[in-house]
Amino acid sequence: MTKNKEIGRARRRIEGELKVTGQAKYAAEYNVPDLLHGYIVNATIVKGKIESIDEAATRAVPGVVDIIHHENRPKMAYFDMQYSDMDAPPGSPFRPLYDAEIKFHGQPIALVVAKTFEAARYAASLLKITYTEEEFDVNLKTNLDRAKKPSMGLATLIKPLPPGPRGDFDAAYATATAKFEGEFHHGAQHHNPMEMFASTTVYEGEGKLTIYDKTQGTNNSQLFIGNIFGLKMGNVRVIAPYVGGGFGSGLRPQHQLVLSVLAALCLKRNVRVSMDRSQMFTYGHRPETIQHTRFGATADGELTAVNHVAHSETSRYEDYNEVVVNHAGMLYPAQNVTLDYKLVPLDVSTPMDMRAPGGVTGMVAVENTMDQVADRLGMDPLEFRLKNYAERDHSSDKPFSSKELRECYRQGAESFGWKDRRPTGQPEKRGNRIVGRGMSSGLWDVIALPGKATAEFNAEGKLVVSSAVNDCGQGAYTVFSQIAADQLGLPLESVKFVYGDSELPLSPIQGGSYTTGVVGSAVKLACLALRNKLFKLAQILDGFPLGDALPQDVDFMDGEIIVKKDPTIRVKLTDVVAFNQGKPVKASKSNIPNVFKLKQYTRAAHAASFVEVEIDEQLGIVNVTRAVTAVAAGAIMNPKTARSQILGGMVWGISLATREESLLDKKMGKYVNDDLGEYHLPVHADIHDLEVIFVEEHDEIINALGAKGIGEIGMISMAPAIINAVYNATGKLVTALPLKVGDLL
Amino acid sequence: MNNFHYTKASSVDEAVLAGKGAENYFIAGGTNLLDLWKYDLTHPQKMVDVNGIEELKTITELPNGGLRLGALVTNNTTAYHPLVEARYPLLSRTILAGATAQIRNSATNGGNLLQRTRCYYFYDPASPCNKRNPGSGCPAVEGQNRLHAILGFSDKCIATFPSDMCVALAALEAVVRVTGPNGSREIAFADFHRLPGDRPELDNTLGQDELITAIDLPPRGYAEHHNYLKLRDRNSYAFALVSVATGYELEAGMIANARIALGGVAHIPWRVEAAETYLEGKAPTEASFAGAADLILAGAQGFEHNAFKIELARRTIVRSGMMALDPSCQRPGAPPSL
Ligand SMILES: Cc1cc2nc3c(=O)[nH]c(=O)nc-3n(C[C@H](O)[C@H](O)[C@H](O)COP(=O)(O)OP(=O)(O)OC[C@H]3O[C@@H](n4cnc5c(N)ncnc54)[C@H](O)[C@@H]3O)c2cc1C
């Protein structure tokens, strides 16, 4: 096998130039001929029924072509199953424009179609809708008594419910020397990717559609539309090569997709529907969650008792679940553990996966509680964690496929200067400010799924690799190209990766940090199969140039097969293609996880963050002045794009801890700060010195690449480390995120 | 956005003539008006573009030693103007603490005075709001009211006026020059914005058909001792939760004359003259400013999500007073902790 030349090399994104020069097109930028524009009308009540829709003023606006709502929509599927998608939680999925019922504020209830976006939007504002309103409830805190166990389904397979109790928590907690009981809360958050949801549906004639969609899964949108409208899958083509950020919001097909298709089928025209920013607050969100912890340790710092309970909101129609409470039992070897995770159905839209779903939520409670216990023991927080380092996953009694968290702690602490941390209550002063230092562990499960790729070598000497997968900008295309290049010993320039089209080999939705592992492994396998095929063809070329060489006796390098023992014997790959009558030599391969083997291990990426905060003593203003995150995530395919992923995660961690929150008006049932002026994401002035360290980690178990994925791990340890640092400076534990101006007065 | 008529005015007289009518709007930088329009909150029938009025685009010295800021000079041009920087650095600082460079490049001085509140409910056409739709109610009183007033509010409206620039203009006692169908007049800054009372739909005392032509700054600029401290939910690009503009003159180490105005706490830039008189003759110490803060915040009252502002405002007044001693150590626009 040739050595890796591309894998592990810092490469900038292959599509980067297209993006920064505006050549990369997004879903709302395909200006197909005779395009109509749809604007979504959203419900202004939370629960009830539409009584009447008065269209007169809307129809009178010049340019308006049609108004579509539940009374005049074309036929849609009847069964729940047909509205399901690859990320649908158990329940009865929401159906846009299906009937008169209103289930959440902002629910799409009509589509105004016009010749221009502006006319459609203005006309939509004139639609007069009357409702009968019913009582609703969106208050998580006052409904905890209604909490229930999540229903089981496909989602709970990937995001397992907590394991049963182990040991005797009550007894261990009662006898613990140092203990802490805490309650933690964060409100809803919305993904707010830069690119807003849009679908441009091209009506190709008789039941045939090409859709440019904003999605994290072309096949997912394809299946969804095919099922709802009873179209042949072959007649629905979904194209989404570029995605301007997803963060999970594109894991489920969004309303605008259904509505643009509905209008296109109704009018037999090309239709685009785009959301505006406030409409980006009308589908899924990270659920508001309330958590309770009770941790106890012995006098010498052994963590013996762990109790972690979470209550999250979900909608009335689906049980959205995430892994919030499972991680303490995996991170620490405590022998007495009880975990519980419950849902409270409210009159909201179903929550959705949002970057590191559950992980960021749970780790805040776990790691802030850990620091409180350490504090009561008079122990350094890092020392306390090392004392309770789990060499094996005690929650499932399995070994880790690999775990270099100890090295994350060591390298992170050293680079940060953890030894300079002062005990809580004796902070260093810098002018009006006091300094705090805090740390946290992070963990994210490695998910294994099947994926497929095709590789072909053509007469121009190019390796063309394809998959339906798409890329939110994280660098997946670049990494796949690097993987492919190495399998055939080609320079990166000789690889062309074709992507983001449902007609290409099937790919799962891209999320959960598994895309590199899943699709990257398929790319590797497909390229290896192609290599094999090329070799076999080369063997039977005229004159049998390779003699009796076996596959292991040759190298593939720069477009040639070279016999190792006698490098003068070479076969050009293009000659192999010529021999194949000029047709590209092609191989497809699926990456089917070896579930039997995988099941024997706990598979997770780990991280540790170290954070310094400065806090104005009188005004209580917090700034995260410095942070180091050390990550152990198996093989790092491309250190440049990987570092960017972790940096993005760290910034989002700062946001989670100190900035963003969707403000819910509980009387109106509406998120009121639904624009980027008032939904506060961090700005440059909020972000200071950030450092990323990748710790070496080898993993032979998880997948063909040994890569665990880095999409979410960079975010998880940041928020708890920030809150721990604030505690270190002030002696105040902040338990409601985000920490806001005023909270430390 | 509805269809509308558009006219471009090239002189003050042309603009005033064209501007007559209840649904006629002047447009300057458009950074506020276009948002309100697209969000379906306002429906102008006629748009009078005043950007062609060259006479309103200058900054000139006044015979009394003051400065006249044309209504159409952009916020950034004003902030970086050498005379403003030298004589009214407090004004520069407040402007630069607001919005973003791009917005300030379009936003004009006249428009800044007339920007509307950032209350969430005002911005949602489907929500009741006494300011937008008189008599419909005020959900903010019992709703999300972090951004809202702690002083001078009424049971009809608890919105705040969001401008930073105007906090300095209040402290500097600027004068607003306006021209309408009945001629020109001057409005003292303290009389320009109004409390909500029973008519929260009225933000200020400008007539619907009056054009702001200029803002006059009096000679006193507090260049030696001034400060603007803006506290907000992130370090840039957010409206003030509490902001304080401080200016004073020292004689033999004692305060001879002081001005303090607050932003983010009321329907108008908040000034209490008694607090300023109180400071006269006192040393610029934390205790003096704390005494002034008590007078400024007398009667302050919080709601569910903004009660913290009372204590925050108190501390910010003290800090701003102390920072004003040596303005050279402040970076303009920098968050207080850096
Ligand atoms: C995202 C965002 C963030 C912002 N952040 C801040 C901030 O942090 N701090 C801050 O202070 N401001 C902030 N602003 C507000 C900004 O300062 C104002 O929008 C701007 O000053 C308005 O000026 P304009 O020229 O664009 O006004 P326009 O939008 O053109 O007009 C506003 C109003 O004034 C009227 N008008 C304009 N000129 C005249 C005139 N000469 N005579 C009579 N009437 C006139 C118009 O009819 C309209 O009603 C922000 C704005 C945005 C969009």
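**Ligand, interface and one buried alanine**

Student: What makes the link between B:G30 and the ligand a polar contact?
Tutor: An oxygen atom of the ligand sits 2.6 Å from a polar backbone atom of B:G30. A polar contact is a pair of N or O atoms within 3.5 Å (within protein, one must be able to donate a hydrogen and the other to accept it, and residues adjacent in sequence count only if both atoms are side-chain atoms), so this pair fits. Keep in mind that this is a predicted model, where local features need pLDDT of at least 70, side-chain atom pairs count only at pLDDT 80 or more, and totals for chains, interfaces and linings use all residues. Residues are numbered from 1 along each chain as written, chains are lettered from A and ligands numbered from 1 in the order written, and side-chain values use heavy atoms, leaving out hydrogens and water.

Student: Which backbone atom of B:L33 lies by an oxygen of the ligand, and at what distance?
Tutor: A backbone N or O atom of B:L33, at 2.8 Å. B:G29 also has a backbone N or O atom 2.8 Å from an oxygen atom of the ligand.

Student: How many residues surround the ligand?
Tutor: There are 32, and B:F26, B:G30, B:T31, B:T108 and B:D164 are the closest. To count, a residue needs a heavy atom within 4 Å of the molecule.

Student: Why is A:K667 with B:E142 called a salt bridge?
Tutor: The rule asks for a side-chain nitrogen of Lys or Arg within 4 Å of a carboxyl oxygen of Asp or Glu. Here the closest N and O atoms are 2.0 Å apart, so the pair passes. Across the interface of chain B and chain A, the rule finds 3 salt bridges.

Student: What does each chain give to the contact?
Tutor: Chain B gives 37 residues and chain A gives 39, with contact meaning heavy atoms within 4.5 Å.

Student: How much area do the two chains bury between them?
Tutor: About 3,300 Å², with 57% of it on carbon and sulfur atoms. Buried area is the accessible area (1.4 Å probe) that two parts lose on being put together, summed over both.

Student: Why is A:A297 called buried?
Tutor: Its relative accessibility is 0%, and buried means under 20% (exposed is over 50%, partly exposed in between; 1.4 Å probe, protein chains only), so A:A297 counts as buried. Leaving out residues up to four places away in sequence, A:A297 touches several others, including A:T177, A:L303 and A:F384.
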